[in-house]
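The exercises below are meant to be worked with the sequence and the 3D structure side by side. Try each task before reading the solution that follows it.

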Amino acid sequence: MKNNTLNRDVTEKTERGAEQGPPPPACGSNMGDSVTPHVLMPIPGDWRYLISGIDTLDLGIYVDWGIHFQAIQLQLEHNRDKSIVGETAIWRHPVIGEALVRSSGKRNYRFMVELPGVVLWIANVDKPNGFPNVYVSPRARSLWINGVNNTLEYITSVIEELGGVVQQVQVSRCDLAADFYLEEPLSTEFVKSGLVSKCRTSSQYETAGQLETFYVGRGKAPIQARIYNKLLQVMSKPESLFFLPLWGGPVKAWRVEFQLRRTALRQFQIDTVDDLQAMSGALWKYLTEDWLSLRLDDSNKTNRRTVHPWWQAVADCAETFGPVFDLDRRENKIPVADVDWYVSHVSGCLVSFAARLGLPTVNKALAELDERVANHWGANKWDDEYRKRRIQQGEADEGECDVPF
């Protein structure tokens, strides 16, 4: 995957976009005189592409530890206990070298182990038993500097050197990102005025009125987009300073980033790292053209509005990730009972309810039942249970979370 170099055609498109962006409205012109609404978004000055690639890659790994698990378990427990009481718990392994063992694990994963460039969470079981018993998060530095394949090879080698046999590796989460130099900082007004998205939830984080991060979608949604001041973040985190030489210096870098959880990845039929690498270009195309875009307000129909020149440069980054083609997002429908089944079931219960209270007609039975059911649930209790059942049936209401269209 081409993380750090941009195809010449994309570079030319980006430069043309910066040079040929639509002019600002003439001073003193009356925008209301136009037949079609045509409010131009402010242009973010000059811009140029910096880098693009996979910034986060969480993996679920199915490992058979075999006869080696008991020894590993004892060493991990010993160091975990040291960490709980505040000691520096360094696991000195004769093959993989030194690693830190933390006291805080993750749900279903008791042990947290930090190695150079990667964090492993290991479940307290010797075999997968239907779920990945090792969860791995490579550091961003490893992904950007060493590349995805080398990072995965390192992770696999660590597990094998500990005595484990890797049976399967699946992608649990990934973040795709592209960084751009922007001469002028983005503003909340700029993003909001042009935002067109299939997700109806957005928020922003500002400091002293200056936009730092604009979010589209909630953090736990299948897809979330983030547009943020990457230079500001890098300068506040010493471990992220490796980005500076990748950019060519401490430039005014802004990032467009998409976080995809396993629910969304499965909808795109992405399961393995090979799947992700083969489909990243198509995925970026979908995310920046179909799922989210910034557009000029030059039409009453959002799908006919002109894509903002800078956002077109963002979308053109697709080919830096790999082959570009149209990608379908298939919704994972959960089988549920037909509505007629519920009608039949409630009707049968209604007769028994009426006989118990001596209510001879359907109308009398329904009226009494209506009052008692309303009292039983109450507004808040009903609302919470309704939302829970909708989510369980894969029918979350629009605006509640990201859904495929």
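**Exercise 1. Determine whether Tyr286 is buried or exposed, and place it in its surroundings.**

Solution. Tyr286 has a relative accessible area of 5% and is therefore buried, where buried means under 20% relative accessible area, exposed over 50% and partly exposed in between, with a 1.4 Å probe and protein chains only. The model is a predicted one, in which local features need pLDDT of at least 70 and side-chain atom pairs count only at pLDDT 80 or more, whereas totals for chains, interfaces and linings use all residues. Residues are numbered from 1 along each chain as its sequence is written, and side-chain values use heavy atoms, with hydrogens and water left out.

Next, locate the residue: Tyr286 is found in helix H9, helices (H or I, at least four residues) and strands (E, at least two) being DSSP runs numbered from the N terminus. Leaving aside residues up to four places away in sequence, Tyr286 touches Lys198, Phe268, Trp291, Leu327 and Arg329, a contact being heavy atoms within 4.5 Å. One of these partners, Arg329, is 43 residues from Tyr286 in sequence, and their C-alpha atoms are 9.0 Å apart in space.

Finally, look at the helix as a whole: H9 (residues 273-291) lies across S1, S7, strand S10 (210-216), strand S11 (223-229) and S12, and runs at about 40° to S7. Such axes are lines fitted to C-alpha atoms, for helices over the stretch in contact, and the angles run from 0 to 180 degrees between N-to-C directions.

**Exercise 2. Work out in what order the strands of the open sheet are arranged, and which strands stand at its edges.**

Solution. The open sheet is formed by 11 strands in the order S2-S3-S4-S5-S6-S1-S7-S12-S11-S10-S9, with antiparallel pairing; two strands pair if DSSP finds at least two bridges between them. Strand S2 (90-93) and strand S9 (202-207) are at the edges, and each has a single partner strand, so one side of each is left without a neighbour in the sheet. From one strand to the next, the twist averages 20°.

For one pairing within this order, take strand S7 (residues 165-182) and strand S12 (residues 253-261), which pair in the antiparallel sense over 9 bridges. Phe180 stands opposite Trp254 in S12.

**Exercise 3. Follow S5 and its neighbours S4 and S6, and state how many residues of S5 are buried.**

Solution. Begin with the turn: S4 and S5 form a hairpin with 2 residues between them, and Gly117 in that turn has a positive phi of about 90°. The two strands run antiparallel and are joined by 5 bridges, and Val113 has Leu120 in S5 as its bridge partner.

On the S6 side, S5 is likewise joined by 5 bridges in an antiparallel arrangement. Here the bridge partner of Val119 is Ser137 in S6, and that of Ile122 is Val134 in S6.

Then consider cover. In S5, 5 of its 5 residues are buried: Val118, Leu120 and Ile122 point one way, and Val119 and Trp121 the other way. In S6, too, 5 of the 5 residues are buried, so this strand is largely enclosed by the rest of the structure. Val134, Val136 and Pro138 point one way from S6, while Tyr135 and Ser137 point the other way. S6 also pairs with S1 in the antiparallel sense over 3 bridges, with Val136 in S6 as the bridge partner of Leu59.

**Exercise 4. Test whether the span of helix H4 agrees or disagrees with its number of residues, and find where its buried residues lie.**

Solution. The expected span is 1.5 Å times one less than the number of residues. For the 14 residues of H4 (residues 148-161) this gives 20 Å, and the end C-alpha atoms are 20 Å apart, which agrees.

The buried residues of H4 are Val148, Thr151, Ile155, Val158 and Ile159. Seen down the axis, they fall within an arc of 95°, so they line one face of the helix; the arc is that of the directions from the helix axis to the C-beta atoms. As a general rule, an α-helix has 3.6 residues a turn, so residues three or four places apart point the same way. Just after H4, Gly163 takes a positive phi of about 105°.
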